[in-house]
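This report describes two local regions of one protein chain. Please consult the sequence and coordinates shown below while reading.

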Amino acid sequence: MTPVRKQVYIEMCLAVAKHEGWIPSDRHKPPRTRYAGYQTCIFERRCLLFAERCVAVSKGEAARLLGYSVEAVSDCVLRYTTLMNHRLAVCTFDMQMFNKKENTFVYLLNTRAQIHRLTNDYRKDIDELKKASKLILEKDKGWETGEERVLGFHLLEFTEALEESCLSIMPHILCEYLYDLCKKFNRYHSSMCKDGFVVETSTLLLYEATEVVIEKCFHLLGILPGSSLFGYSMTQLVSGLLFSAVERPIDVYARDPTRNFRFEMVCFRSIPVTPLWLDHEGELFGLISVSDKIVPSRSHFFETDVTSHVPLFNHDWRNPIKNLDSNCVYLGNPASGYSVSFSYFIEICAELYVTNKNECYQLCNHKKEIDLSSFWENSDGVCGELTVNAKHGYATMYYILLKDAIDTALKVEFKTEPDTPPRLVRGYIQAYYGDEFLYKCQSGSICKECYMAVLFQAAPSYVLTAGYIPLIKSFLGVPTKGSLIIKAYLQDVDSNKVIIDGTSNFKPQLYGCNRGTITGSEDCSLNIEVSWNYQDRYI
C-alpha cells in the first residue's frame, strides 16, 4: 500500500519481478502480491487550534474514563479521520474532526464511554446472565418502536462488514459500520431511557454485545489508548510530512505522465459441444465478471471469493437470452456504470449455462487471469481473446486493453420531420476505434467485428420514434491516440429501404462534449453526443 503517485513505479517492480521469476505469475500462489493506493492528506491552516482541541477532549469525562491522554487523543483523531475516508479520496484535516454529532472519533469516544458506564453499572447482572443455562427474553419498549431489532440486526452484520473491509483493503467500510452502530445504539438507548426505566434482560445483553463489537472495532482501527500501527504515531507522521525538509537521494515520486488503463470486453461466443445440442438454438444465462480495482461489488450470480468484481454479463435463469450456436453476444454497460479500470492483473470469472427444449447444463465455470505481458510491451493497447473450456462446451471472450484512455458517455437521438409516424426498423448502431487502432495494437489477422461495440440493435425489428434511442452500451473508453467512430445502419421493415447508412468520426479530447450527425434519407438523421472525461489521476 503506497500513495497513488507511486502506482506506476510499484507496478513496474511487480512486472519485472514476475518476468524474472522472483514471484509467480499466478497471484494466488505464495508469495502473493496485491497493490492498493491511497490519496494524500490536506492540513488546513486553522487546524493550528488542533492541539488546544485535543487537550479539551482529553480533559473530558469520556477520555478520562477510558484512559486517553492528550497524545492518544490527537493520534486517534488523526488516524480515524484518515481511515474513515475512502483511500482514493483526498483526506482533509480540519476542525470538523472534533464535531460531537458527526462521524468523528470524538462522537465514537463519547458513545463508547456511555456504553462503558452502563455495562459497569449492571456488571453483576450481566455476569449472572452469561452464566445462566436458560434465558427468557421478553419484549420491551424498544421492541415496539423497532429500535431493538434494528440494533440487533446491525450487530449481526459485523463479520460481513469486516470481511468486505479487509478483502477490498478499504477501512472506511468498517468506519461506516462503527458510526452506524453508535447511532443505532444511541437511538435505542434514548427510546428506553425514560421515566420509570427498568432494565430488561434483552437490554442488558444488547448493551454488552454492543460494547464488545465497538471495542473490537476500536482495536482493529487502532484507536484504543496506546495503539500504534506504525513505528511512529500519526501525530509524528503528520508533523514529518508537513515540516520535514530532509533531501531524498532518489526521487521516488518521479513517474511517467498520468495514464488511465481501461478494459473493454466487447462480446463473447458460447459454443456447446454436446450431442444434446441438436438444433443449435437455445437460451443462455449466467455471469461473466471482471476484477475492478476501484469499487468492490457483491452483485454476483454465484458465490466468489473475490469481492472486487464487476459483472459484465449477468442474467439469471428467469431472464435468459436467446442464443444461436457460436453467435456473438454483445455486452452492455458494466454494472459499475463506467469502463473497468485495472492495475497489474485482470481476472475473469465466467459461469454460463445453456438450455434447449429438454436439457440444461453448465457450459463453463472458471476463473482465469489475462496475460498482460504483451500489453506492457505495446505502446497503445492490445486486442485479445480468452477461451474457457469445459465438458459441455467452451466460451470465447473478446476484449481490448487500453493503456491510456478517455472515458466517454454516448447519447444518440433520432431526428425526423414533425408528425412522422413511428417506423418499424431493423439494423444496428456500432462504435469502434479509428486510425487503424486494431491493426496497430495487434499483429496478425483479427476478426474486426468482434471488437466493435454494439450500441443499439434492432433484431428482428424495433419501433423507432423521434427522440433519444435506448442504448445497450453508452459508456466506452477511447484511446487518447485514436479516434471514435460511430457507424449506423437502419432499414425500414415495411418498404425495405435503407433510411440511414453512414459513420461519424470523433477525435478525442480530454474534457467537454462534441456532437456529430449521420444524415439519412427521407428527412431523418441521427444526432450523436459524446461527453469526454479524462481521469487525470491514478485510480
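## Surroundings of Arg426

In this predicted model, residues more than four places away in sequence that touch Arg426 are Ala458, Pro460, Tyr489, Leu490, Gln491, Val493 and Asn496. With one of these, Asn496, the contact is also polar: the side chains of Arg426 and Asn496 meet at 2.8 Å.

Arg426 belongs to strand β15, which spans residues 423-433. A further spatial relation links Arg426 to Ala459: the two C-alpha atoms lie 6.0 Å apart, although 33 residues separate the pair in sequence.

## Accessibility of Arg426

Is Arg426 buried, partly exposed or exposed? The relative accessibility of Arg426 is 28%, so the residue counts as partly exposed. The class in question lies between the cut-offs of under 20% for buried and over 50% for exposed.

## Strand β5 and its partners

Strand β5 comprises residues 262-272 and is mostly covered, with ten of its eleven residues buried. Which strands are joined to β5 by bridges? One is β13, residues 393-402, which runs antiparallel to β5 and is connected to it through ten bridges. Within this pairing, Met265 is positioned opposite Tyr399 of β13.

Another is β9, residues 328-330, where three bridges connect the two strands, again in an antiparallel arrangement. Here Phe268 has Val329 of β9 as its bridge partner.

Note on methods. Residues are numbered from 1 along each chain as its sequence is written. This is a predicted model: local features need pLDDT of at least 70, side-chain atom pairs count only at pLDDT 80 or more; totals for chains, interfaces and linings use all residues. Side-chain values use heavy atoms; hydrogens and water are left out. Buried means under 20% relative accessible area, exposed over 50%, partly exposed in between (1.4 Å probe, protein chains only). Helices (H or I, at least four residues) and strands (E, at least two) are DSSP runs, numbered from the N terminus. Two strands pair if DSSP finds at least two bridges between them. Contact means heavy atoms within 4.5 Å. A polar contact is a pair of N or O atoms within 3.5 Å; within protein, one must be able to donate a hydrogen and the other to accept it, and residues adjacent in sequence count only if both atoms are side-chain atoms.
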